[in-house]
Amino acid sequence: MQLYHHPFSLESQKVRLALEERNVDYTSYHVNPVTGKNMDPSFFRMNPTAKLPVFQNGSHVIFNVIEIIQYIERIALVSSGSGIITQSSKNVVEWMYKIQEWNSKFFTYSHIPEKHYISVSKFLRRVIIARMSEAPDLATAYHTKLKEAYETEEKLRDPQVLQRSEQHLVMLLDEAETQLEETLYLAGDEFTLADVMLVPILARLAVLGLENTYISGRPKLAEYWTLVQQRPSYKNVIGKYFHGWRRRKMLLKTWCVIRMRCVLKRY
């Protein structure tokens with residue numbers, strides 16, 4: 001089984017947490033979307049949406065996050081054969097879909113300095129155009145991605161789009177706060193796949209420097225956030241990449257790759 005992902009990808013983090021929590025072995029392949037590696041023809045043929053993550057088991061390829069996580073759960077159920085691992089309850093699944101309804105893209109981009117986002121967006125558009133000429137049979141799909149890039153830039157200039165994204169997030173966090181007043185974790189007193197979906201969102205808020213704004217003001221959510229950061233799965237999937245030298249190394253490497261390719265005009 002192979003997982004194509006990136007440590008900074010929020011959706012990838014959800015899947016990797018599920019793999020860690022369910023103790024499922026897999027082969028990891030890093031695909032950096034900021035440098036346009038997800039636009040390489042080999043990856044694009046496998047997943048024309050170019051989104052991360054992508055999970056492959058033989059000829060079976062999945063790139064819907066919830067479908068991947070549920071597939072992982074089925075693998076874990078079959079592998080355990082002991083009844084220690086049980087299938088997620090209806091409540092857990094409902095939370096999973098509820099959390100997945102929030103699209104982090106516009107919220108995240110709106111909290112990144114505009115000059116950085118515009119610079120990367122311009123670079124990625126050039127990457128798409130270059131790949132389009134390399135793989136003319138994929139030209140239509142690449143053109144769709146190019147159109148999406150322009151539309152995203154346009155939507156980021158619309159205050160209503162950003163406001164709706166934030167309101168959706170606030171509603172989700174408020175609902176989580178209410179639930180955590182009654183239970184230790186999101187769907188009960190045990191860590192479940194519902195938590196796997198929520199934890200990366202809290203990590204994203206923290207890395208954007210928004211922990212005080214969105215987490216600390218909700219007492220139960222703040223306690224929950226402290227608790228889940230102690231889990232081995234969190235430390236392996238998110239913690240080690242978001243703290244210390246690993247984060248700086250990855251960001252520096254990404255920046256250097258982009259600058260060098262722009263200078264050499266090799267997209």
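The following exchange concerns the predicted model shown above.

Colleague: On what basis are residues numbered and features accepted in this predicted model?

Modeller: Residues are numbered from 1 along each chain as its sequence is written, and side-chain values use heavy atoms, with hydrogens and water left out. In this predicted model, totals for chains, interfaces and linings use all residues, side-chain atom pairs count only at pLDDT 80 or more, and local features need pLDDT of at least 70.

Colleague: Which element gives the most residues to the largest nonpolar core?

Modeller: A nonpolar core is a set of buried Ala, Val, Leu, Ile, Met, Phe, Trp, Tyr and Cys residues joined through side-chain atoms within 4.5 Å; buried means under 20% relative accessible area, exposed over 50%, and partly exposed in between, with a 1.4 Å probe and protein chains only. The largest core has 55 residues, and those with the most contacts inside it are Ile69, Val199, Leu202, Leu205 and Tyr224. Elements giving two or more residues to this core include helix H3 (65–80), helix H8 (159–180) and helix H9 (193–207), where helices (H or I, at least four residues) and strands (E, at least two) are DSSP runs numbered from the N terminus. With 10 residues, the element that gives the most is H9.

Colleague: How many residues form the other core that lies apart from it?

Modeller: In soluble globular proteins, nonpolar side chains tend to be buried together. Ala130, Tyr142, Leu146 and Tyr267 are among the members of this other core, and its residues number 14.

Colleague: What angle do the ring planes of Phe107 and Tyr214 make?

Modeller: Rings of Phe, Tyr and Trp (its six-membered ring) pair if their centres lie within 6.5 Å; planes under 30 degrees apart count as stacked, over 60 as edge-to-face and the rest as tilted. Phe107 lies in helix H5 (residues 105–110) and Tyr214 in helix H10, so the pair ties together parts that are 107 residues apart in sequence. Phe107 is buried at 2% relative accessibility, and Tyr214 is buried at 5%. The ring centres are 5.6 Å apart and the pair is edge-to-face, because the planes stand at 80°.

Colleague: How far apart, centre to centre, are the rings of Phe55 and Tyr71?

Modeller: The whole structure holds 12 aromatic pairs. In one of them, Phe55 and Tyr71 meet edge-to-face with 65° between the planes. Phe55 lies in strand S3 and Tyr71 in helix H3, so the pair ties together parts that are 16 residues apart in sequence. Both residues are buried, and their centre-to-centre distance is 5.8 Å.

Colleague: Is Ala50, with its positive phi, buried or exposed?

Modeller: Phi of Ala50 is near 65°, a positive value in a residue other than glycine. Ala50 lies in the loop between H2 and S3. Because its relative accessibility is 4%, Ala50 counts as buried.

Colleague: Is Asn23 buried or exposed?

Modeller: Asn23 also has a positive phi, near 55°. It lies in the loop between H1 and strand S2 (27–30). With a relative accessible area of 67%, Asn23 is exposed.

Colleague: Which peptide bond is cis, with omega near 0°?

Modeller: The proline concerned lies in the loop between helix H2 (41–46) and strand S3 (54–57). The cis bond runs from Leu52 to Pro53.
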